[in-house]
Amino acid sequence: MSGHATEHTTGPAPGPAPGQVAGTVGARTTGGVSSAGLEDDGAAQERLRRWRLVLGGDPADGTGHVLSGRDAGMDGALTALYGRGDTPTRPGKDRAAGLGASAPAVARWLGDIRTYFPSSVVQVMQRDAIDRLGLATLLLEPEMLEAVEADVHLVGTLLSLHQAMPDTTRETARSVVRKVVEDLEKRLAARTRATLTGALDRSARTGRPRHHDIDWNRTIAANLKHYLPEHRTVVPERLVGHGRSARAVKKEVVLCVDQSGSMAASVVYASVFGAVLASMRSLDTRLVVFDTAVADLTDQLDDPVDVLFGTRLGGGTDINRALAYCQSRITRPARTVVVLISDLYEGGIRDEMLKRVAAMRSAGVEFVALLALSDEGTPAYDREHAAALAALGVPAFACTPGHFPEVMAAAIERRPLPIPDAG
């Protein structure tokens with residue numbers, strides 16, 4: 001069979017099949033149906049309608065069902081992107097999708113899909129349009145940017161294009177990026193601060209505190225077994241104390257982020273987390289991005305949008321050079337956490353890279369290797385380099401943004417990292 005779903009799965013670009021897209025809306029699932037003999041006419045027509053939306057209307061779909069009204073509009077929006085099938089319209093020429101490279105046509109289509117589909121589906125279809133139809137250059141036009149549904153992937157596309165943006169588009173692009181960043185901060189900041197504040201407090205406790213640094217609540221809880229009923233008191237055989245100063249910098253964090261094109265979503269999330277960490281007085285946070293060159297964006301961490309527009313997605317990768325820079329900035333190894341976010345495809349000197357990781361760990365640095373910081377699942381990565389890091393005691397794994405605070409808390413407390421099962 002051919003149709004929207006077949007066209008999408010046989011096309012060159014990745015992403016959910018249109019059958020999955022429309023299924024999100026509720027028009028791509030057949031639902032529970034008993035035997036055909038028990039279906040009334042309404043249920044049978046509904047089933048044909050859904051199959052027609054799944055199959056895309058090719059004459060061979062076998063439904064014979066004609067769409068009208070909203071269904072026809074939905075089908076037209078899907079057909080414009082995914083085509084009707086994989087059969088050629090005439091020998092030697094495949095049936096093409098219907099958006100072309102016309103900005104007005106795409107703008108109308110963007111309006112249509114926002115009418116017919118929820119935001120999450122709109123974002124999937126926008127990504128597919130950019131990937132399948134080469135529409136990235138149209139994002140250089142302000143009218144287009146104002147029409148799209150902003151998400152992390154769109155931000156990644158804009159960052160890869162921002163060097164080529166005309167001045168009339170640049171401010172619109174910044175406003176789109178800022179909206180996404182602010183939404184991410186609202187979702188991630190509070191939990192990150194709470195999780196890491198607890199980890200910092202626990203890491204700062206000492207068993208030999210000065211009198212005014214004693215944490216009496218935890219000291220009493222730790223010594224309840226030494227309660228003397230006859231004296232109605234607790235003998236504190238073990239004291240639990242806070243660090244010397246609650247405002248002192250307790251840990252240093254270095255985020256070392258690969259800005260090659262495949263890491264776009266990770267760069268976006270890293271900039272947001274970098275800004276959150278930099279806002280915590282107990283942490284001294286540094287953000288370093290790299291391809292074949294290294295850029296220290298620490299002085300821009302008060303505004304993650306500035307950080308993002310300071311990156312340049314694409315290019316090669318020299319992890320060794322980036323780690324050399326990070327290593328040179330470490331002043332207190334035993335209180336430092338280095339987080340390398342990279343797919344580990346090294347274009348620099350592999351052996352030197354591994355030696356630097358080993359040297360930092362020997363000096364007392366807590367080293368974390370994340371293959372991705374995104375919601376995309378397990379990414380493509382260099383398995384040989386990942387295995388070499390694991391041999392040094394540095395497991396490499398993908399991490400979702402929601403899991404990142406727990407990973408950082410474990411690194412700060414120097415306990416085993418909570419590695420996801422699928423990592």
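User: Is C326 buried or exposed, and what is its relative accessible area?
Analyst: This is a predicted model, in which local features need pLDDT of at least 70, side-chain atom pairs count only at pLDDT 80 or more, and totals for chains, interfaces and linings use all residues. Residues are numbered from 1 along each chain as its sequence is written, and side-chain values use heavy atoms, with hydrogens and water left out. A residue is buried under 20% relative accessible area, exposed over 50% and partly exposed in between, with a 1.4 Å probe and protein chains only. C326 is buried, and its relative accessible area is 1%.

User: How many disulfides does the structure hold?
Analyst: A disulfide needs two cysteine sulfur atoms within 2.5 Å. For the sulfur of C256, the closest cysteine sulfur is that of C326, 3.7 Å away, so this pair is too far apart for a bond. C256 is itself buried, at 0% relative accessibility. The number of disulfides in the structure is 0.

User: What share of the residues in the protein chain is buried?
Analyst: The chain contains 16 helices and 8 strands; these are DSSP runs numbered from the N terminus, H or I of at least four residues for helices and E of at least two for strands. Of its 423 residues, the buried share is 48%.

User: Which strand joins β6 by 5 bridges?
Analyst: Two strands pair if DSSP finds at least two bridges between them. Strand β6 covers residues 336-341, and its 5 bridges lead to a strand that runs parallel to it. One of the bridge pairs is V339 with V368. The partner strand is β7.

User: Which helix does the chain pass through between β6 and β7?
Analyst: The connection is a right-handed β-α-β crossover. Right-handed means that, with the strands pointing away from the viewer, the path from the first strand over the helix to the second runs clockwise. The helix on this path spans residues 350-363 and is α14.

User: Which residue is the bridge partner of A372 in β8?
Analyst: Strand β8 (residues 396-399) pairs with β7 in the parallel sense over 4 bridges. Helix α15 (residues 383-391) forms a right-handed β-α-β unit with these two strands. In β8, the partner of A372 is A398.

User: How many of the residues of strand β7 are buried?
Analyst: Strand β7 spans residues 366-373 and is largely enclosed by the rest of the structure. The buried count that supports this is 8 of the 8 residues.

User: How far apart in sequence are the parts that R49 and D71 tie together?
Analyst: R49 and D71 form a salt bridge, with their closest N and O atoms 2.5 Å apart; the term means a side-chain nitrogen of Lys or Arg within 4 Å of a carboxyl oxygen of Asp or Glu. R49 lies in helix α3 (residues 41-55) and D71 in helix α4 (residues 69-82), so the pair ties together parts separated in sequence by 22 residues.

User: Which of the salt-bridge partners R49 and D71 has a relative accessibility of 14%?
Analyst: R49 is buried, at 18% relative accessible area. Both residues belong to a network of salt bridges that also links E46 and R50. The buried residue at 14% is D71.

User: What separates D183 and K179 along helix α9?
Analyst: Their side chains meet in a salt bridge at 3.5 Å, N to O. D183 is partly exposed at 37%, and K179 is partly exposed at 48%. The two are 4 residues apart in helix α9 (residues 167-204), which means a separation of about one helical turn.
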